[in-house]
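Thank you all for coming; I would like to use these few minutes to walk through one model with you. Please have a look at it on the screen before I begin.

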Amino acid sequence: MLGGRHALLIATSTFSNAGLQQLRSPVRDVQGLASVLKDPQIGDFDVTTALDQEQHQVAREIESFFRGRSREDLLLLHISSHGLKADHGELYFAARDTDRDLLGSTAISAAFLQSQMSRCRAKSIILLLDCCYSGAFLPGAKGDSSVHVKDELAGHGRAVLTATSRTEYAWEGDHLSELEPEPSHFTGAIIDGLTSGDADRNRDGKITVSELYDYVYDRVRSKNKMQSPQMWAALEYQVVVARSAFAAEQPTETLPGMESAVDLSPVPDAKDPIPLPNESLDTTLRDHSVAQLKRALPDPVRRIEVFDLIDNAVSGLIAKSAQEYRPVIGPVFASNIRGYRTDSDLLLHLLATGVFHDDGAQDALWTRVIERLSRLRDKNLSSFNDTLEHLRLYPALLAIYTMGIAAVLGRRDQMLGPLLTKPSFKPPFNSQRREAPAHYLNPLRVISPEPLSEICHAESGARYIYPQSHFIREELREPFRTIEPDDATYMEACNRFEFLASLIAMDSEPSTLATPWAGEFLLDSSWGYDQFGLAGEIAEEIDASWPLLKAGAFGSEAERAKKAFEALKEFRARHPRW
């Protein structure tokens, strides 16, 4: 069933309270935005406007807007006004009759807006806030003291785009002396991007939420370096906001997302083959998320934003890994393992970038990723086969490989200590022992070599000695292209990570768990000879100052680490080319 496209645009320029500065651009902004959104060749929205209304009228419009919607509807709400913060910290939006001393009864609270969105059945909601939440009213600025917009209004199925970050001003043109109101930088950029089609970054005829944000961010920053638009998104699908001028270059069939909020192509039946290589990935959303992470990571004030970027990506992956999409019975090994990789793509890019650039401030977040992904392998199964049941940990395996390689490339071996030892997990089906990631994420335990060898082999047909290691390295090369373009350096990082993970795995009681990872680091060409090569280098490093010991691995005891090293050497000697 195709959904409708509905927009409510709220603008307040004039205020009866002397404590609220009159604004020039909101009404003009809404008129321009309404025109482009309702254009059947661009937005094709059913548009309602609410201009300079009192609080009870605005509240009625908002409640009516979110009532009676279907799941397939796309809803867009735009608010342009003053953003106000009460003494207790709650966010409000000013109406015409708002009294700054009586916000609870005369302004629109973020809590009210949140409740209306939460009750709404529509699974795709876009919220555009051309407001700012700053410390004082400046000429040409909107706002009050700092607030956390994301914390109050973000949620599943929503994209929240704001004109500015928490501590900046949302400028309305450049001079108060202008007779005609100039559009705000934020809403003006939205209008221009949709009207011209320039927001269609990949020129596919569709302007998605992430593409619109990227365009608006660049446009606003080019006009005013003091203003940085923000976005928080947890949408189920990549939502199409508008058709662009480039749609004329596309085939004449209906563009997905115009009559419906999202692409409603049916999910393939579990019995059907799922495409293996080159599955379609939303690289625009992915690249935007990575760029957002890079901007937020070094800023301690934005640590919650970093957390949510990663946590939302994990949540999305978990949702896609349900049994109806990745079954645990049937001839679907190849489909599942490729599907898990495709579903993990956004998260893997975020992890590669985040861990490589992190200074240790987010280490708890990285271990949380493994903890959450490990829950994919639970006990709620009626029937299954062991190969597919164990494969449910493949996203966690990809994640720990990605973070491990990134830590090695970033010369942060100390991160591997907690990453490989702390997020403990009790395997299902009557196991009484909790295990460390170095054990339960051993590639041998997660990926069965026989079915893997059917899809991972040399062109000559020969099988790889360590197919799990070879396959994972190939699957993860792309997220590291910009971080480490040199293939040899990337492979060296893979070898070192597998070696260190295996050392931690060998430091185990009972001894039955002491099994190294099935990695290509064990090959002579990687391991080395005598004191030369990777094994010799690591042997020389093991002393009281070794980063892994300082991070708590091996009980922080150098002798335990050396004992694990000797056990790994002995295992390799007993299993040549194992």
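I will go through the sheets and then turn to the helix contacts.

Let me say at the outset that what you see is a predicted model, and I will keep to what can be read from it.

I begin with the sheet that is built from six strands, an open sheet in which the order is 2-1-3-7-8-10 and the pairing is mixed. At its edges are strand 2, covering residues 46–51, and strand 10, covering residues 230–233, and each of these pairs on one side only. If we ignore direction, neighbouring strands of this sheet are turned by 10° against each other on average. As a reminder, strands of a sheet pair through backbone hydrogen bonds, and they do so either parallel or antiparallel.

At one of those edges, strand 8, residues 158–162, runs antiparallel to strand 10, and four bridges join the two. If you would like a residue pair to find on the screen, take Thr162, whose bridge partner in strand 10 is Gln230. Which helix packs on this sheet? That is helix 6, residues 185–196, which touches strand 3 (74–80), strand 7 (124–130) and strand 8, and whose direction makes about 130° with that of strand 7.

There is also an open sheet of three strands, with the order 4-5-6 and antiparallel pairing. Strand 4 (83–85) and strand 6 (108–109) are the edges here, and each has a single partner strand, so one side of each is left without a neighbour in the sheet. Between strand 5, residues 91–93, and strand 6 the antiparallel pairing extends over two bridges, and in it Tyr92 stands opposite Ser109 of strand 6.

Now to the helices, where I would like to start with helix 11, residues 345–357, and helix 12, residues 363–374, whose axes come within 11 Å and cross at roughly 155°. Helix 11 and helix 12 therefore count as roughly antiparallel to each other, and their crossing is left-handed. On the side of helix 11 the contact is made by Leu347, Leu351, Gly354 and Val355, and on the side of helix 12 by Trp366, Val369 and Leu373. Sorted by class, the residues of this contact are six nonpolar and one polar, with no charged residue.

The remaining contacts involve helix 20, residues 487–506, which packs against helix 14, residues 394–409, at an angle of about 110°, with the axes 9 Å apart. That angle is why helix 14 is described as roughly perpendicular to helix 20, and the crossing of the two is right-handed. Helix 14 contributes Ile400, Tyr401, Gly404, Ile405, Val408 and Leu409 to the contact, while helix 20 contributes Thr489, Tyr490, Ala493, Cys494, Arg496, Phe497 and Glu498. By class, this contact of helix 14 with helix 20 holds nine nonpolar, two polar and two charged residues.

Helix 20 also meets helix 19 (467–476), and here the axes come within 11 Å and cross at roughly 130°. Helix 19 is therefore oblique to helix 20, and this crossing is right-handed. In this contact Ser469, Arg473 and Leu476 of helix 19 meet Tyr490, Met491, Cys494, Asn495 and Glu498 of helix 20, which by class gives four nonpolar, two polar and two charged residues.

You will have heard Tyr490 named in the contact with helix 14 and again in the contact with helix 19, and I will finish with its ring. The structure holds 12 aromatic pairs, and one of them is formed by Phe480 and Tyr490, a tilted pair with 5.8 Å from centre to centre and 45° between the planes. Where do the two residues of this pair sit in the chain? Phe480 lies in the loop between helix 19 and helix 20, whereas Tyr490 lies in helix 20 itself, 10 residues apart.

Technical notes:
Residues numbered from 1 in each chain as written. Predicted model: local features only at pLDDT ≥ 70, side-chain atom pairs only at ≥ 80, totals over all residues. Heavy atoms only, no water. Pairing = 2+ DSSP bridges. Axes fitted to C-alpha atoms, helices over the stretch in contact; angles between N-to-C directions. Contact = heavy atoms within 4.5 Å. Parallel < 35°, antiparallel > 145°, perpendicular 65-115°, else oblique. Left-handed = near helix turned anticlockwise from the far one by under 90°. Nonpolar A, V, L, I, M, F, W, Y, C, P; charged D, E, K, R; others polar. Phe/Tyr/Trp six-rings, centres within 6.5 Å; stacked < 30°, edge-to-face > 60°.
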